[in-house]
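Me: Let's go through this model together. I will ask how each label is earned, and you set the value against the rule.

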Amino acid sequence: MIKVNNNFQLLPVSYLFSEVGRKVAAFRSENPDREVIRMDIGDVTRPLFPSVISAMHEAVDELGSAERFHGYGPEQGYAFLRDAIAEFDYYQRGLVNIEAADIFVSDGAKSDIGNLGDIYSRECKVAVMNPAYPVYVDDSVIDGRAGIPENGLWSNLIYLDCDPENNFLPSLPVEKADVIFLCFPNNPTGEAIKHDELKKWVEYAHANGSLIIFDSAYEAFVRQPGVVRSIYEIEGADEVAIEIRSFSKTAGFTGLRCGYTVVPRNLKGVYSDGAEVALNTLWNRRQTTKFNGASYVAQKGASAVYTPEGREDVKRATDYYLGNASIIRKALTEIGFKAFGGENSPYVWATSGTGEDSWKVFGDLLQNYGFSTTPGSGFGSKGEGYIRLTGFNSRENTERAMERLIKEKFQ
Ligand code: MLT
């Protein structure tokens, strides 16, 4: 028989959101009369924007015509989309260092986070925030960089603890970290980072030859002035950081699939023989070998997000989800939970403060109020005692779920 990758034996049997989905499905089949409101995975509910739909209709018509048909596209993404991203997400925000050649369009952030592991050495020591989006950790396990599980932690990872005492902003690692995953606005805590805080990380990366992988999938939810949307707002970040973005949460593309990763040409690495190489060259080589590009139709749809109408729709949609997050945060606070995030982010991170096991809280809320959450411990040991709720829902469902909670509490 074929020898398989032993690292899979180390992983939890299922991925966090698959496990939550499995438990919700089991609850539904045991309680067919109960209505369950999903407040666990961050999946959008608003339909695609009219501008996106009409761009995609046109793209489909092109593909259906012999004269205007497109086959394989550029693996890096079509110029019409890379140029729009460079112009609107970077140049017009004063981030003039980032150009279309630095941008690689993909089928979404999650795949890119994992795939980036192909371009840095297996020996790299990886640092993750604790709690963190589980993909950073699980991918490190699969790639053999995480070590072995010991008391809920991976022996070879560096943990950057986040809790209310440090406002969910971790301290710089004591041990040297080669690759540092940062996510702001943060999933799961919902907290955002200001310029001066992030500057420390860019300085650390310069001083230690580290690579920062900055996940800014939720940047469109930033409302507060002074809060960072892109790591390239920090001077010198284009020499130490890769940025990952997605159209999933900004423009409702979770089902359609399109995102992008910025690998600036100024970002260099070194082979073990001492030869320098641009990470952009490596990522380009990786993508051209293993990826044939995001679909033409999805890229046409994504380019419509940058039209004046599309940009207004992004604001409207993200305002809507932020409105839900605010309702959640208020309700949880009313019943005596401590709630965080939900202001520059669609996620609310909450604890009853009793230290109760997260999966137990998940089970109790599902059983008693008929809504699902994501147990905080699924995001790391520092998430124990917390749950995460998502603003990605309809206003009606959000209000109904929170009313159930408040009514019960104050009856
Ligand atoms: C989440 O709920 O944390 C994410 O949306 C899931 C994902 O993007 O993979």
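**Labels and their cut-offs**

Me: Aspartate 313 lies in helix 11. What makes a stretch a helix?

Reply: Helices are DSSP runs of H or I with at least four residues, strands are E runs of at least two, and both are numbered from the N terminus. Helix 11 covers residues 308-334, and aspartate 313 lies in helix 11. One caution first. This is a predicted model, numbered from 1 along each chain as its sequence is written, where local features need pLDDT of at least 70 and side-chain atom pairs count only at pLDDT 80 or more. Totals for chains, interfaces and linings use all residues, and side-chain values use heavy atoms, with hydrogens and water left out.

Me: Why is aspartate 313 called buried?

Reply: Its relative accessibility is 10%. Buried means under 20% relative accessible area, exposed over 50%, and partly exposed in between (1.4 Å probe, protein chains only). So aspartate 313, at 10%, counts as buried.

Me: What makes its pairing with arginine 316 a polar contact?

Reply: The two side chains come to 2.7 Å. A polar contact is a pair of N or O atoms within 3.5 Å; within protein, one must be able to donate a hydrogen and the other to accept it, and residues adjacent in sequence count only if both atoms are side-chain atoms. The value of 2.7 Å passes, and the pair is listed as a polar contact.

Me: Which residues does aspartate 313 contact beyond its neighbours within four places in sequence?

Reply: Phe49, Pro50 and Ser51. Contact here means heavy atoms within 4.5 Å.

Me: Leucine 332 lies in helix 11 too. Is leucine 332 buried or exposed?

Reply: Leucine 332 is at 2% relative accessibility, so leucine 332 counts as buried. With neighbours within four places left aside, its contacts include Phe337, Val348 and Leu405. Its C-alpha atom is 9.8 Å from that of tryptophan 349, which sits 17 residues away along the chain.

Me: How do you know that leucine 81 is buried?

Reply: Its relative accessible area is 0%, so the label buried follows. Leucine 81 is in helix 4 (residues 79-90). Among the residues it touches more than four places away are Val105, Phe247, Cys258 and Tyr306.

Me: And what about asparagine 167 and phenylalanine 168? Which loop holds asparagine 167?

Reply: Asparagine 167 lies between strand 6 (158-161) and strand 7, and phenylalanine 168 is in the loop between strand 6 and strand 7 as well. Asparagine 167 has 52% relative accessibility, so it counts as exposed. Phenylalanine 168 has 2%, so it is buried. Phi is near 55° for asparagine 167, a positive value in a residue other than glycine. For phenylalanine 168, phi is near 60°, again positive and not in a glycine.

Me: Where do the cis peptide bonds at prolines 185 and 188 sit?

Reply: Proline 185 is in the loop between strand 7 (179-183) and helix 7 (195-208). Proline 188 is in the loop between strand 7 and helix 7 too. The bond from phenylalanine 184 to proline 185 has omega near -15°. From asparagine 187 to proline 188, omega is near 20°.

Me: Now the ligand. How do you know that an oxygen atom of the ligand pairs with asparagine 187?

Reply: The oxygen is 2.9 Å from an N or O atom in the side chain of asparagine 187, which falls within the cut-off for a polar contact. Another value is 2.6 Å, from a ligand oxygen to a polar backbone atom of glycine 42. A polar side-chain atom of tyrosine 347 lies 3.4 Å from a ligand oxygen.

Me: Which domains supply the shell around the ligand?

Reply: Domain 1 (6-47 + 310-409) and domain 2 (52-305) each give at least three residues. These bounds come from an automatic or database domain assignment. The domain centres, taken over C-alpha atoms, are 25 Å apart. Their contact takes 37 residues from domain 1 and 47 from domain 2.
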